[in-house]
4 protein chains.
Amino acid sequence: MPEINIALIGHQFMGKAHSNAYRQVRRFFPGNLVPRMKVICGKAPEKELSATARQFGWEEFDDEWERVVARKDIQVVDVSTPSFLHHPMVIAAAKAGKHIICEKPLANSVREAREMLRAVEKAGVLHYVNFNYRRVPAVAFAKRLIEDGRIGDAYHYHGAYLQDWIMDPNFPLVWRLEKKFAGSGALGDIGAHATDLATYLNGDISEVTGQMTTFITSRPLAGVGSGSWGAKGSKGKGKVTVDDETNFLARFKNGSAGVFESSRFGGGRRNYNTFQVYGSKGSLAFNMERMNELEFYDRTEDQSVQGFKTILVTEATHPYVGAWWPPGHIIGYEHTFVHAVHDFLTCLEKGRMPKPNFRDGVKNHVVLDAVERSTRIGRWQKIKI
Amino acid sequence: MPEINIALIGHQFMGKAHSNAYRQVRRFFPGNLVPRMKVICGKAPEKELSATARQFGWEEFDDEWERVVARKDIQVVDVSTPSFLHHPMVIAAAKAGKHIICEKPLANSVREAREMLRAVEKAGVLHYVNFNYRRVPAVAFAKRLIEDGRIGDAYHYHGAYLQDWIMDPNFPLVWRLEKKFAGSGALGDIGAHATDLATYLNGDISEVTGQMTTFITSRPLAGVGSGSWGAKGSKGKGKVTVDDETNFLARFKNGSAGVFESSRFGGGRRNYNTFQVYGSKGSLAFNMERMNELEFYDRTEDQSVQGFKTILVTEATHPYVGAWWPPGHIIGYEHTFVHAVHDFLTCLEKGRMPKPNFRDGVKNHVVLDAVERSTRIGRWQKIKI
Amino acid sequence: MPEINIALIGHQFMGKAHSNAYRQVRRFFPGNLVPRMKVICGKAPEKELSATARQFGWEEFDDEWERVVARKDIQVVDVSTPSFLHHPMVIAAAKAGKHIICEKPLANSVREAREMLRAVEKAGVLHYVNFNYRRVPAVAFAKRLIEDGRIGDAYHYHGAYLQDWIMDPNFPLVWRLEKKFAGSGALGDIGAHATDLATYLNGDISEVTGQMTTFITSRPLAGVGSGSWGAKGSKGKGKVTVDDETNFLARFKNGSAGVFESSRFGGGRRNYNTFQVYGSKGSLAFNMERMNELEFYDRTEDQSVQGFKTILVTEATHPYVGAWWPPGHIIGYEHTFVHAVHDFLTCLEKGRMPKPNFRDGVKNHVVLDAVERSTRIGRWQKIKI
Amino acid sequence: MPEINIALIGHQFMGKAHSNAYRQVRRFFPGNLVPRMKVICGKAPEKELSATARQFGWEEFDDEWERVVARKDIQVVDVSTPSFLHHPMVIAAAKAGKHIICEKPLANSVREAREMLRAVEKAGVLHYVNFNYRRVPAVAFAKRLIEDGRIGDAYHYHGAYLQDWIMDPNFPLVWRLEKKFAGSGALGDIGAHATDLATYLNGDISEVTGQMTTFITSRPLAGVGSGSWGAKGSKGKGKVTVDDETNFLARFKNGSAGVFESSRFGGGRRNYNTFQVYGSKGSLAFNMERMNELEFYDRTEDQSVQGFKTILVTEATHPYVGAWWPPGHIIGYEHTFVHAVHDFLTCLEKGRMPKPNFRDGVKNHVVLDAVERSTRIGRWQKIKI
């Protein structure tokens with residue numbers, strides 16, 4: 001069976017999730033193209049990197065990404081670093097003719113994102129941006145129901161993605177809280193996901209107006225190398241330069257109205273990525289903390305038995321999930337990455353462009369950018385793609 | 001025991017709910033001041049009105065509100081008509097020196113509302129505007145928890161009030177869908193409730209920006225005398241002049257961010273009046289369709305046992321509910337009106353001004369008005385009370 | 001309109017709920033026969049009884065039930081006392097030719113129950129035993145779905161009625177904890193309800209085997225006049241002579257299997273009267289703490305959209321509930337009593353025997369009795385009606 | 001790092017889950033002892049077996065288990081075949097001095113189970129029986145709360161394990177429906193899990209009485225090689241010789257009462273493995289379909305804020321789960337097997353006997369056997385271990 005060599009840049013949270021995806025994909029989703037976990041690249045002492053490579057299942061490791069993306073034996077470069085590094089890495093990988101998987105958000109600005117898109121298009125490589133929540137079986141099934149006309153004309157879309165991991169004022173100033181590294185805060189991290197899901201399920205957004213807030217404006221400096229969850233502070237204080245929470249209103253091209261919340265101050269909501277869509281024929285509701293369930297309300301049923309139905313999305317007839325376990329045996333967060341890699345490999349095999357790709361990544365940035373601008377000037381902003 | 005004579009204007013949905021409240025209040029909430037159901041007033045054929053009076057328990061009936069509000073033997077006038085009638089009735093009742101209970105929204109415009117406030121203040125009567133959801137035990141208990149500091153500093157408030165009773169495009173053009181009668185649509189009907197609850201729980205709103213949408217712009221003309229739910233259409237079509245849905249963003253004076261949805265197109269949501277508040281110490285969530293429950297998340301607990309807790313608000317230690325049945329025996333929608341009347345009578349007895357009163361009603365209108373204006377001009381609007 | 005004079009015996013918890021039902025029934029359920037609240041009877045000082053009569057809306061009061069049931073002007077006697085008093089009262093009322101409403105359990109033994117049935121049948125009066133949970137709209141709607149064949153052949157029935165009001169070992173020895181007054185504990189109080197609902201929904205039980213447990217065997221003596229919830233203890237200790245919890249297995253005549261739990265030690269379950277029925281075509285689930293909801297699973301739907309659906313049983317098409325408020329505006333515990341009285345009055349008007357009547361009450365006792373016997377001898381017991 | 005060679009017998013559903021566990025364990029749970037996936041053994045054509053070995057990650061494959069268990073280079077034999085094959089395989093593996101992991105139920109009878117226990121004890125090897133649900137983080141956390149005294153004295157335990165995969169009368173007569181292969185039906189398959197969880201959480205059972213039912217007594221013969229879920233029928237009909245559903249009552253040694261349901265006819269319940277425990281200080285509730293959540297009710301809290309709390313068991317402070325993803329990022333069914341293998345390897349490294357081991361497996365069989373006997377003779381049966 002043909003093998004395809006993968007290089008993964010990033011060895012923290014996303015590196016772990018992507019590594020697992022490459023290891024697992026062909027165990028559950030047989031296919032002709034088999035990913036070979038060639039090299040992992042990260043900024044860390046050799047000993048640590050070596051241990052990580054071994055634990056995650058990579059043949060080699062390296063701490064120079066420029067060298068890695070230039071390797072002749074690599075066909076796919078997977079960029080799973082903090083977002084401020086995406087731009088140079090992707091540009092270089094594209095120039096080297098590699099197919100590219102890039103974590104979301106695609107970049108830290110619309111400009112960067114557009115340049116990256118131009119680079120991959122010029123290089124003629126496949127490109128994929130990992131809005132992994134599209135690969136939750138319940139979300140993919142929601143999409144299928146929508147395409148089958150089960151909600152009819154959309155009226156109202158509500159997306160709320162709430163987390164609470166930085167509520168403690170003593171939680172340190174990690175890279176995700178600095179604009180120069182993260183581009184934005186809740187908006188680009190989780191709002192990007194909510195926006196992508198909305199676009200996926202309900203189509204393009206034409207106009208937005210937003211509100212960004214930073215509740216804790218100064219935090220202890222982060223210790224060296226600290227990541228996100230559970231990070232410990234160091235001496236001294238620094239300024240938080242991103243939003244703790246961003247909300248916005250939207251109008252969709254299909255005429256429906258949209259309301260979005262994204263917050264890192266939603267106490268008790270650990271990974272509460274949710275949406276509800278209301279249409280002329282039906283409604284849908286989803287919550288990532290119960291990611292194996294989809295709620296569906298069918299307005300075409302006999303009125304006396306109408307109600308929100310909790311579909312346990314674990315049937316062989318549902319997207320992806322038949323490859324795993326029998327009905328009712330639920331799957332978890334990491335599986336979305338496996339599904340993403342599976343779909344990417346299928347595209348690679350068939351020469352098809354993956355979805356969502358950098359075009360979707362750019363579109364996502366344009367919306368986020370409009371939200372930021374609307375907040376700054378206090379007016380609605382049109383989305384121009 | 002001293003009796004106090006009540007005149008009720010309005011004999012439809014709200015008339016029914018208010019009548020029940022007067023009948024029931026002293027059965028469950030003993031008190032010195034006893035309401036006497038003197039006269040009900042409505043626009044209907046004598047036979048119908050007479051039957052309604054008998055069924056609802058009123059001694060007399062009348063179809064001329066001017067005559068009723070002028071009666072010497074009446075101490076309290078309860079205005080439960082469609083909102084476009086509130087202004088003249090309240091002004092007249094105030095001039096006649098009556099204490100006033102008025103359904104929400106107080107009026108159809110800020111101007112009207114201010115005039116009504118001036119009138120009652122000039123007359124020196126007690127005035128109450130019936131944002132009845134404040135009298136849900138779970139909501140009053142939420143207020144108590146907030147006042148006790150259980151959520152700490154507020155960060156995020158989300159209020160969503162969704163219904164679905166006009167989703168059928170053949171649902172007729174009832175008065176609630178005409179601006180001249182209703183002032184606005186979802187905004188003034190249910191958005192007003194959501195706004196009032198937010199103000200009650202989270203304090204004043206300082207700024208808003210909104211979005212109003214009408215999905216079905218033309219509807220069959222309504223038959224004469226048709227009310228709201230389950231109304232049937234007549235021949236011909238008319239223009240819908242109010243919003244089917246209004247969403248808005250808000251900033252509160254306490255620094256927290258607010259997101260509001262109010263829609264009559266939320267399929268499957270029958271009376272889904274909900275809120276979530278997130279603060280530095282805890283979070284609260286409520287849904288009127290499960291009005292006996294309050295969800296509470298306590299961030300001060302040991303982390304490993306933190307979680308959203310479903311409190312069944314039916315204990316003797318909870319507001320209002322001890323007067324009804326033993327713990328776990330739930331109450332319903334109509335009880336909120338009984339609690340409102342009970343509180344009003346207590347105020348009357350003690351010579352205290354009820355809450356929420358016309359000042360709150362005006363404040364509510366100012367916010368709704370700012371939402372409308374912000375929608376029209378596409379910019380944030382400051383709230384000036 | 002013809003009036004019918006009611007005498008109510010019992011002025012505590014049930015007296016309060018029944019009084020409310022008589023007051024409210026014609027306010028919401030118009031009908032030709034109007035109940036007149038003639039006299040309430042209870043064992044209490046005249047001052048207390050007088051106040052109760054006034055508060056509950058009775059014209060007269062009396063403390064001698066023998067006198068009351070013999071009154072010529074009374075047509076209906078409502079027996080809402082503790083169960084050990086039902087037998088003499090019902091026998092006397094029947095002899096006096098009164099129609100009878102009797103609280104559940106019908107009596108304290110099968111023998112008593114059978115004598116009561118014989119008495120009412122001999123007297124030719126209407127008789128009703130108030131298993132009020134049949135009158136929850138969601139329960140009546142479940143019954144309708146079952147009769148419409150929506151669950152198909154029944155396989156499994158689970159009824160669990162849990163409460164927790166006597167978990168504190170210092171909760172006193174109220175009458176419900178003494179066999180001579182209550183007949184049994186959890187079994188007769190709440191297990192009787194669970195058994196009746198099962199019989200109503202799933203047909204007759206043919207065989208049972210049970211398990212009865214008393215966790216706290218000795219308690220503080222109760223103060224004089226203490227009722228149930230929230231009672232305070234007095235000096236000295238007494239022996240608990242009833243079950244704190246009774247569970248049993250059952251076989252139904254229709255071939256399905258049954259599992260029943262009834263406990264007063266279900267911490268956190270305040271009035272958790274629940275059932276699930278599983279059949280060849282569908283499943284149903286109910287919980288009294290969310291009494292306005294019915295969960296329905298339809299196995300005949302397309303497999304990929306099957307799921308438990310939460311039906312908010314507040315539609316005009318649902319039993320009883322259309323008489324109250326618009327869809328989504330929920331009702332409470334007390335409404336079941338109003339529905340019961342409404343049905344009783346309709347029967348009275350049409351000369352029909354109410355359901356459930358004393359035959360059902362006897363049947364219920366026979367099952368409870370078999371559960372007790374099976375526990376004593378450790379073997380299955382056949383039900384012989 | 002020392003490696004330990006594993007032989008896995010069984011290549012269907014359980015073989016897939018166990019293979020995944022060996023592959024994944026050291027990716028997420030670092031440890032000194034590393035499992036090497038040496039050989040998988042199954043009854044299948046070479047081509048199929050070879051493909052399975054490759055897909056699941058085994059170095060070799062074999063179709064003769066006798067040969068496999070005798071291999072000198074194997075240290076651990078994992079028996080994941082249908083239960084009727086456990087006895088000979090385990091006996092042979094023990095004689096060959098292998099450490100043993102065996103799927104549940106341990107055997108098809110108490111006699112077999114006892115012989116297996118004797119064999120492993122005589123051989124002095126480590127033995128583990130895979131009641132995998134003990135390794136759900138929420139279940140292990142429930143155990144911790146119980147051990148910490150958070151529920152106090154236990155009063156009531158309810159375990160219900162419902163599935164619905166054989167409800168279609170045309171579902172064929174797979175091996176799980178034949179007594180000679182499966183020992184029993186719902187009882188041994190899922191009732192065994194419910195019983196083990198109860199013993200784990202609430203201690204030993206002293207007495208039981210049961211009820212076993214077969215709803216569909218004759219089914220289409222199964223095609224060759226058909227497994228469980230989604231199997232298709234062949235020509236001809238055969239007799240179902242096991243129970244479709246088994247319920248039983250129990251008394252625990254700690255004085256609490258137990259109620260158990262296990263059914264394959266619980267329509268809409270796909271893998272509904274649930275329990276509730278009620279004690280003097282608190283209550284717990286769990287549902288495997290929402291396996292990342294544990295409900296906890298704390299009776300020691302201030303009464304007005306008591307309520308069932310949904311703990312999302314994904315914190316670093318919770319058992320196992322910190323090794324996976326950040327808080328709120330849920331895991332799935334397969335992870336329980338990874339946790340089991342991790343614990344087994346730790347025991348192997350430290351020379352400790354795993355839990356649950358064959359003693360627990362025997363105990364489980366003794367309870368199931370008593371349930372069967374009690375059903376046959378219609379009386380309670382004491383548990384004698």
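# Worked exercises on a predicted multi-chain model

With 26 C-beta neighbours inside 10 Å, Val136(C) counts as buried. Keep that residue in mind for the first exercise, and remember throughout that this is a predicted model.

**Exercise 1. Work out where Val136(C) sits in its chain and which residues it meets.**

Solution.
- Step 1: find the element. Val136(C) is in the loop that links strand 6 (127-130) to helix 6 (137-147) of chain C.
- Step 2: check burial. The cut-off is 20 or more other C-beta atoms within 10 Å, and Val136(C) has 26, so Val136(C) is buried.
- Step 3: list the contacts. Once neighbours within four places in sequence are set aside, Val136(C) is in contact with Met291(C) and Thr336(C).
- Step 4: look along the chain. His339(C) is 203 residues from Val136(C) in sequence, yet their C-alpha atoms are 8.2 Å apart in space.

**Exercise 2. Decide how much confidence the predictor places in chain A and in the model.**

Solution.
- Step 1: take the chain. The average pLDDT of chain A is 96, and 97% of its residues score at least 70.
- Step 2: take the model. Its ipTM is 0.96 and its pTM is 0.97.
- Step 3: add the usual caution. Predicted coordinates should not be read in detail where pLDDT is low.

**Exercise 3. Find how chain B is related to chain A, and describe the side of chain B that touches chain A.**

Solution.
- Step 1: superpose. A turn of 180 degrees with a shift of 0.0 Å along the axis lays chain B on chain A, with an RMSD of 0.0 Å.
- Step 2: name the symmetry. The two copies are therefore related as by a two-fold rotation axis.
- Step 3: locate the axis. Within chain B, the residue that comes closest to the rotation axis is Arg379(B), with its C-alpha at 2.3 Å.
- Step 4: count the contact. It takes 31 residues of chain B and 31 residues of chain A.
- Step 5: pick out the elements. Those giving two or more residues to this side of chain B include strand 7 (154-162), strand 8 (205-213) and strand 11 (245-252) of chain B. The largest share, four residues, comes from strand 12 of chain B.
- Step 6: sort by type. This side of chain B has 11 nonpolar, 16 polar and four charged residues.
- Step 7: compare the two sides. Because 100% of the interface residues of chain B are also interface residues in chain A, the copies meet through the same surface.

**Exercise 4. Chain A also touches chain C; trace that contact down to paired strands.**

Solution.
- Step 1: count. Here 14 residues of chain A contact 14 residues of chain C.
- Step 2: find the main contributor. Strand 16 (residues 308-312) of chain A gives the most to this side of chain A, namely five residues.
- Step 3: sort by type. This side of chain A holds five nonpolar, seven polar and two charged residues.
- Step 4: look at the pairing. Strand 16 of chain A and strand 16 of chain C run antiparallel and are joined by three bridges.
- Step 5: zoom in on one pair. Lys309(A) has Lys309(C) as its bridge partner.

**Exercise 5. Split chain A into domains and describe how they touch.**

Solution.
- Step 1: set the bounds. The assignment gives domain 1 (3-125) and domain 2 (134-355 + 363-377) in chain A.
- Step 2: get the spacing. The C-alpha centres of domain 1 and domain 2 of chain A are 23 Å apart.
- Step 3: count. The contact uses 29 residues from domain 1 of chain A and 26 residues from domain 2 of chain A.
- Step 4: find the elements on the domain 1 side. Helix 1 (13-28), strand 5 and helix 5 of chain A each give two or more residues, and helix 1 has the largest share, with nine residues.
- Step 5: sort by type. The domain 1 side has 18 nonpolar residues, 10 polar and one charged.

**Exercise 6. Hunt down backbone oddities at Pro105(A) and Tyr320(B).**

Solution.
- Step 1: check the proline. The peptide bond from Lys104(A) to Pro105(A) is cis, with omega near -15 degrees. Pro105(A) lies in the loop between strand 5 (99-103) and helix 5 (110-123) of chain A.
- Step 2: check the tyrosine. Tyr320(B) is not a glycine, but its phi is positive, about 70 degrees.
- Step 3: place Tyr320(B). This residue is in the loop between strand 16 (308-312) and helix 9 (335-350) of chain B, and it counts as buried, with 22 C-beta neighbours inside 10 Å.

Technical notes. Residues numbered from 1 in each chain as written. Chains lettered and ligands numbered in written order. Predicted model: local features only at pLDDT ≥ 70, side-chain atom pairs only at ≥ 80, totals over all residues. Least-squares fit on C-alpha atoms with pLDDT ≥ 70 in both. Contact = placed C-beta atoms within 7 Å. Nonpolar A, V, L, I, M, F, W, Y, C, P; charged D, E, K, R; others polar. Pairing = 2+ DSSP bridges. pLDDT = per-residue confidence, 0-100. Buried ≥ 20, exposed ≤ 12 C-beta atoms within 10 Å, placed from the backbone. Domains from an automatic or database assignment.
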